[in-house]
Amino acid sequence: MAEEGVRLNKFIAEAGIASRRAADRLIEDGHVTLNGRPAVLGDKVLPEDTVCVDGNPIKRETGTAVILAFNKPRGLECTSDHGNEDNVIDFINYPKRIFTIGRLDKESEGLLLLTNDGDLTNKIMRSRYGHEKEYVVSLDRDVTPEFIKGMASGVPIEEGVVTRKCKVFMEDPRTIRIILKQGLNRQIRKMCAYFGYGVVRLVRVRVMNIELGNLKSGRYRDISKKEREELMGILDKSTLAEKDN
């Protein structure tokens with residue numbers, strides 16, 4: 001840590017509590033203290049300082065960040081709220097504090113990444129970096145060429161919100177594969193609904209270079225050394241695109 005200190009939100013992220021953006025919200029909402037006083041945005045932390053979140057002292061994680069690939073079953077929720085019996089963190093029961101990188105809604109399944117590195121979460125989650133996420137989607141009726149073209153061209157899913165152009169391929173008469181570079185709430189379901197299609201099953205099969213592969217439902221694995229190196233290389237080269245709608 002440099003003598004002038006590290007920004008408080010970065011310290012909280014590196015402690016595995018939350019991303020920098022979420023750490024800012026914790027600070028604004030009064031959950032964070034620095035040496036016993038209420039913290040404020042922009043505070044910096046020195047080696048001898050004490051930072052607490054909700055009264056609990058925290059410290060920065062050391063060593064290599066945890067990055068897990070998990071095959072989320074349908075029915076689990078991407079929350080760390082222990083009051084929710086379907087929360088994914090209790091289901092995994094990992095020995096270190098971890099949190100999800102992004103979300104999959106309760107009805108969706110497939111690849112979910114988890115980590116204890118808040119900075120990593122921020123870099124992967126920000127849709128403006130244009131990181132790819134790939135899904136296989138089963139539908140309630142046959143796919144048409146017009147549907148494929150419409151999905152790929154950008155879809156108005158809410159007032160004033162049109163999805164980015166994306167890649168869409170037909171897998172079989174009622175199944176598509178879709179590659180997105182953004183992550184709006186329930187985006188694929190809303191896109192399909194715009195064209196009158198219902199989603200029967202939605203499975204995420206890839207996030208950037210990390211693939212679901214043959215990982216069984218409800219199981220997790222540490223990403224490999226090769227996957228980690230490739231991931232970090234992609235993140236190092238990432239640049240911001242235009243803002244989403």
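Let's start at helix α1, which covers residues 8–14 and holds Asn9. Keep in mind that this is a predicted model. Asn9 has a relative accessible area of 11%, so it is buried, the cut-off being under 20%. What does Asn9 touch once residues up to four places away in sequence are set aside? The answer is Arg20, Ala23, Asp24 and Ile27.

Asp24 is worth following from here. This residue sits in helix α2, which runs over residues 20–28. Buried or partly exposed, then, for Asp24? At 24% relative accessibility, Asp24 counts as partly exposed, whereas its partner Asn9 is buried. Along the chain Asp24 and Asn9 are 15 residues apart, yet their C-alpha atoms are separated by 6.0 Å. The two side chains also make a polar contact with each other, at 3.2 Å. Beyond its neighbours within four places in sequence, Asp24 is in contact with Leu41 as well as Asn9.

Next, move along to helices α4 and α7. Helix α4 takes in residues 118–125 and helix α7 residues 225–237, and their axes are 11 Å apart. The packing angle between them is about 65°, and α4 and α7 are therefore roughly perpendicular to each other, a label that applies from 65 to 115 degrees. If you look at the handedness, α4 passes α7 in a left-handed crossing.

Which residues meet where α4 packs on α7? From α4 come Leu120, Lys123 and Ile124, and from α7 come Leu231, Met232 and Leu235. Sorted by type, the residues of this contact are 5 nonpolar and 1 charged, with no polar ones. As for the spacing of residues on a helix, an α-helix has 3.6 residues a turn, so residues three or four places apart point the same way.

The last stop is helix α5, residues 145–153. Its buried residues are Phe147, Ile148, Gly150, Met151 and Ala152. What do these buried residues pack against? Their partners are three strands and a helix: β10 (133–139), β13 (167–172) and β14 (175–180), along with α6 (187–194). Just after α5 comes Gly154, and there the backbone takes a positive phi of about 110°.

How values were computed:
Residues are numbered from 1 along each chain as its sequence is written. This is a predicted model: local features need pLDDT of at least 70, side-chain atom pairs count only at pLDDT 80 or more; totals for chains, interfaces and linings use all residues. Side-chain values use heavy atoms; hydrogens and water are left out. Axes are lines fitted to C-alpha atoms, for helices over the stretch in contact, and angles run from 0 to 180 degrees between N-to-C directions. Helices (H or I, at least four residues) and strands (E, at least two) are DSSP runs, numbered from the N terminus. Angles under 35 degrees count as roughly parallel, over 145 as roughly antiparallel, 65 to 115 as roughly perpendicular and the rest as oblique. A crossing is left-handed if the near helix is turned anticlockwise from the far one by less than a right angle, and right-handed if clockwise. Contact means heavy atoms within 4.5 Å. Ala, Val, Leu, Ile, Met, Phe, Trp, Tyr, Cys and Pro count as nonpolar, Asp, Glu, Lys and Arg as charged, and the others, Gly among them, as polar. Buried means under 20% relative accessible area, exposed over 50%, partly exposed in between (1.4 Å probe, protein chains only). A polar contact is a pair of N or O atoms within 3.5 Å; within protein, one must be able to donate a hydrogen and the other to accept it, and residues adjacent in sequence count only if both atoms are side-chain atoms.
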